[in-house]
Amino acid sequence: MRHHTLLDHQGHQVSLGRELGRGGEGSVFEVVGASRLVAKLYHAPPTSDKASKLAAMVQARTDNLVSLAAWPTHTLHATRGRQLVGFLMPRVENALDLHKVYGPRSRLRALPDKSYKFLIRVAANVARAFHCVHEHGHVVGDQRHLVAFEG
């Protein structure tokens with residue numbers, strides 16, 4: 001069920017804009033008035049284990065984690081104190097599927113002007129992001145193979 005206005009775990013209203021994408025688990029929406037955030041809403045209510053995990057991730061967030069990953073920043077609820085329906089996370093822009101960067105043919109199509117020096121920088125940045133997550137005591141169980149970059 002799509003809601004236009006939800007509440008975060010602190011009771012603040014979150015207004016949703018247009019749908020940006022849809023996957024098997026849920027859909028991602030713009031957040032009105034917060035261009036650096038997106039809202040992921042689940043198609044079906046998450047299990048209590050998943051809801052607990054997301055609440056713990058929100059509680060454990062740090063500036064470093066949020067700057068390096070699409071880390072959940074707030075849980076979303078249809079009404080105050082009710083079941084979790086989604087979460088807020090940083091918006092990732094200027095991103096490519098990672099395989100388009102490390103695959104020689106796809107890299108030539110997507111990024112014809114990038115050299116091996118660029119590949120080394122991408123690999124180092126991905127390693128730093130994983131290290132940051134591990135340094136905070138977390139394990140990466142699933143990742144979207146995206147790499148964000150400037151220019």
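This short talk describes selected helices, strands and residues of a predicted model.

Good morning. I shall begin with the strands and then turn to two histidines and two helices.

Let us start with strand E6, which covers residues 84-90. How many of its seven residues are buried? The answer is seven of seven, and the strand is accordingly described as mostly covered. E6 has two pairings to consider. Strand E4, residues 37-42, runs antiparallel to E6, and five bridges join the two. Within that pairing, Ala-39 has Leu-88 of E6 as its bridge partner. Strand E5, residues 74-77, also pairs with E6 in the antiparallel sense, here over four bridges. In this second pairing, His-77 stands opposite Leu-84. As a general point to keep in mind while viewing these strands, side chains in a regular strand alternate between the two faces of the sheet.

Several of these residues appear again in the largest nonpolar core. That core has 10 residues in all: Leu-6, Val-14, Leu-16, Phe-29, Val-31, Ala-39, Leu-41, Leu-76, Val-85 and Leu-88. Which strands each supply at least two residues of this core? They are E2 (13-22), E3 (26-31), E4 and E6.

I now turn to the two histidines of strand E5. His-74 lies in this strand, and His-77 lies there as well. Are they buried or exposed? With a relative accessible area of 16%, His-74 is below the 20% cut-off and therefore counts as buried. His-77 has a relative accessible area of 13%, so this residue is buried too.

Each histidine makes a polar contact through its side chain. For His-74, the partner is the side chain of Thr-73, at 3.0 Å. For His-77, the partner is the side chain of Thr-75, at 2.9 Å. Setting aside residues up to four places away in sequence, His-74 touches Asp-8, His-9, Gln-10, Val-58, Arg-61, Phe-87 and Leu-88. On the same basis, the residues touched by His-77 include Leu-6, Asp-8, His-9, Arg-82 and Leu-84.

Val-58, one of the contacts of His-74, brings us to helix H1. This helix comprises 13 residues, 48-60, and reaches 18 Å from its first C-alpha to its last, close to the 18 Å expected at 1.5 Å a residue. Its buried residues are Ala-51, Leu-54 and Val-58. Viewed down the helix axis, they fall within an arc of 65 degrees, so they line one face of H1. These buried residues pack against E4, E5 and E6. On the other side of the helix, Ser-48, Asp-49, Lys-53 and Gln-59 are exposed.

Finally, we come to helix H5, residues 116-135. Its 20 residues should span 28 Å at 1.5 Å a residue, and its end C-alpha atoms are indeed 28 Å apart. Which residues of H5 are buried? They are Phe-118, Leu-119, Val-122, Ala-129, Cys-132 and Val-133. Down the axis of H5, the buried residues lie within an arc of 150 degrees, so they too line one face of their helix. The face turned away from this buried side carries the exposed residues Tyr-116, Lys-117, Ile-120, Arg-128 and Glu-135.

The two ends of H5 also deserve attention. At its start, a side-chain oxygen of Ser-115 comes to within 3.2 Å of the backbone nitrogen of Lys-117. After the helix comes Gly-137, whose phi is positive, near 85 degrees.

Thank you for your attention.

Note on methods. Residues numbered from 1 in each chain as written. Predicted model: local features only at pLDDT ≥ 70, side-chain atom pairs only at ≥ 80, totals over all residues. Heavy atoms only, no water. Expected span 1.5 Å × (residues − 1). Buried < 20%, exposed > 50% of the residue type's maximum accessible area, 1.4 Å probe, protein only. Arc of directions from axis to C-beta. Polar contact = N/O pair within 3.5 Å; in protein donor to acceptor, adjacent residues only side chain to side chain. Pairing = 2+ DSSP bridges. Core = buried A, V, L, I, M, F, W, Y, C linked by side-chain atoms within 4.5 Å. Contact = heavy atoms within 4.5 Å.
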